[in-house]
Amino acid sequence: METKDTLYIGGEWVAPSTSNTIEVVSPYTEQVIARVPEAAEGDVDRAVEAARAALSGPYPELTPDERADYIVKLSQAIQARSGEIAETITAEMGSPASWAIMGQVFAPTMVLDGWADLARTFPFEEIRPGAMGPVLVRKEPVGVSAGIIPWNVPLFIVALKLGAALAAGSPMILKPSPETPLDSYILGEILDEIELPKGMVSILPAGREVGEYLVRHPGVDKVGFTGSTAAGRKVGAICGELLKRCTLELGGKSAAIILEDADLAASIPMLMPNSFMNNGQACVAQTRILAPRSRYDEVVEALAEAVQAQTVGDPADPSVAIGPLVAERQRERVLGYIEKGKAEGAKLVVGGGRPAGLEAGWFVEPTLFVGVDNKMTIAQEEIFGPVVSVLSYDDPAQAVAIANDSDYGLSGSVWTQDVEAGIDVARKVRTGTYGINQFGTLDTRNPFGGFKSSGVGRELGPEGLSAYLETKSIVLPGDYTPPA
Ligand code: NAD
């Protein structure tokens with residue numbers, strides 16, 4: 001069993017302030033696979049102190065190109081350890097190896113590469129014409145930032161936040177989830193290896209109480225939170241009260257609209273990973289599939305065949321598509337939703353229980369419900385497991401109305417041979433990211449975030465970088481001319 005006895009605070013591996021520990025339990029074997037220190041309030045205080053010192057240290061004064069160089073080094077060092085990182089994330093939270101190398105490691109490095117390129121071209125300082133003369137508009141680091149990380153795609157969410165913070169020049173304190181501290185130890189080693197200036201990053205695995213202490217800490221200026229909508233509301237309320245800058249990336253219940261002309265043979269294999277990726281534990285998962293009534297049976301048949309073909313088992317086996325859920329509580333929650341779906345009248349056509357022959361491990365069979373009404377609980381609430389519902393519609397306007405009849409608005413997709421018709425649908429769906437015939441709906445270089453209860457603010461792209469910057473306008477004398 002792996003054990004750790006230090007925390008990465010301010011760029012040093014230090015003894016934790018308490019003897020509290022986190023046990024990491026394999027979702028596949030249900031055995032404890034590692035024990036690491038659990039960060040406590042005293043550790044947060046030390047991390048904040050180091051971050052505030054770093055804010056007036058050398059890193060924020062670096063040129064954007066120099067900051068970009070650090071981000072590139074970070075990306076390259078992650079790539080160099082890609083296999084080990086993917087295996088670690090698979091071991092701690094059950095992400096299938098068949099997906100983890102791309103989704104859990106290379107996707108984060110693509111995000112980091114995007115941040116590096118943006119840092120090189122972003123207008124951190126520009127002179128704009130003003131009412132009385134020229135105005136120097138400067139973008140300065142937001143201050144000390146906190147990155148609160150969920151367990152489902154831990155390094156990816158770190159890359160969204162840390163890449164922006166490093167591009168902006170903002171020191172960041174990361175708080176990984178207690179389910180997934182192990183990959184964050186590799187990240188700490190990598191930050192050491194690339195010789196990132198001390199104090200720029202601290203990593204404090206802990207639960208929600210310590211997370212909340214970090215959010216409330218007077219030395220933290222900005223919070224980048226990713227997690228459930230319930231926790232996001234709490235974090236947003238604290239940030240509102242304390243007037244901290246805040247980005248919230250929350251849950252989703254996204255709709256994939258299959259238009260009447262869709263080529264099912266081409267679309268279903270692309271849509272499947274969109275719905276079931278990471279064992280269904282993805283905020284952008286397409287969990288409501290909207291099929292035209294005229295082709296409903298055909299869509300159901302194609303989906304049922306595809307869902308049935310999903311192999312379930314040891315997440316480390318590269319031939320397995322669906323691994324276990326992160327925790328026992330998550331399996332019980334998902335099974336509870338399946339019972340609710342049946343009780344409310346949805347028809348189960350594939351799955352619906354625990355797979356036979358897998359005694360250990362928090363598995364739920366890939367599950368397909370048909371005849372689902374959008375008012376049902378399984379169509380309204382985020383299940384966060386391998387459960388997908390098929391709904392029917394009469395015309396595209398009704399499909400859009402059903403897609404929009406949701407508290408959430410994170411992602412969505414449309415499947416059609418007529419891209420213009422797809423763009424027309426995309427314009428009408430109230431959601432932050434959208435794909436037309438796309439396996440993925442999130443582009444690593446463009447804004448990502450939610451409408452409605454899916455979040456506040458955006459990550460990625462210039463909008464995402466701006467969330468880690470403060471804007472200052474310096475009114476210059478009317479006859480000012482910049483030095484040559
Ligand atoms: P969670 O809300 O339970 O926890 C997320 C993180 O927040 C953890 O690190 C947790 O310790 C911390 N936390 C919880 N309450 C807190 C509080 N009051 N103050 C400070 N920190 C607190 O979510 P989870 O179960 O880890 O992740 C699953 C959820 O995350 C799903 O709802 C999913 O849709 C969402 N998610 C959203 C995105 C996105 O980009 N929109 C991406 C991934 C996951």
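**Figure 1. The ligand occupies the largest pocket of this predicted model**. In this predicted structure, the space taken by the ligand is the largest pocket. Three elements each give two or more residues to the shell around the ligand, namely α7 (208–216), β11 (222–226) and α8 (229–242).

**Figure 2. The shell around the ligand draws on two domains**. At least three residues of this shell come from domain 1 (2–250 + 454–473), and at least three come from domain 2 (254–436). In total, 27 residues surround the ligand. The closest of them are I149, K175, S228, L250 and E382. Sorted by class, the shell comprises 13 nonpolar, 8 polar and 6 charged residues.

**Figure 3. Polar atoms of the protein lie beside nitrogen and oxygen atoms of the ligand**. A polar backbone atom of L250 is 2.7 Å from a nitrogen atom of the ligand. In the side chain of W151, an N or O atom lies 3.0 Å from an oxygen atom of the ligand. For R208, the distance from a side-chain N or O atom to an oxygen atom of the ligand is 3.2 Å. The ligand taken alone exposes 840 Å², of which the protein buries 93%.

Methods
Residues are numbered from 1 along each chain as its sequence is written. This is a predicted model: local features need pLDDT of at least 70, side-chain atom pairs count only at pLDDT 80 or more; totals for chains, interfaces and linings use all residues. Side-chain values use heavy atoms; hydrogens and water are left out. A residue is near a molecule or strand if one of its heavy atoms lies within 4 Å of it. A polar contact is a pair of N or O atoms within 3.5 Å; within protein, one must be able to donate a hydrogen and the other to accept it, and residues adjacent in sequence count only if both atoms are side-chain atoms. Accessible areas come from the Shrake-Rupley method with a 1.4 Å probe; for residues, only the protein chains shown count as cover. On a 1 Å grid over the protein atoms alone, a cavity is a set of points where a 1.4 Å probe fits but cannot get out, and a pocket is an open set with protein on both sides within 12 Å along at least five of seven lines; lining residues have an atom within 4 Å of a point. A molecule sits in a cavity or pocket if more than half of its atoms lie within 2 Å of its grid points. Helices (H or I, at least four residues) and strands (E, at least two) are DSSP runs, numbered from the N terminus. Ala, Val, Leu, Ile, Met, Phe, Trp, Tyr, Cys and Pro count as nonpolar, Asp, Glu, Lys and Arg as charged, and the others, Gly among them, as polar. Domain bounds come from an automatic or database domain assignment.
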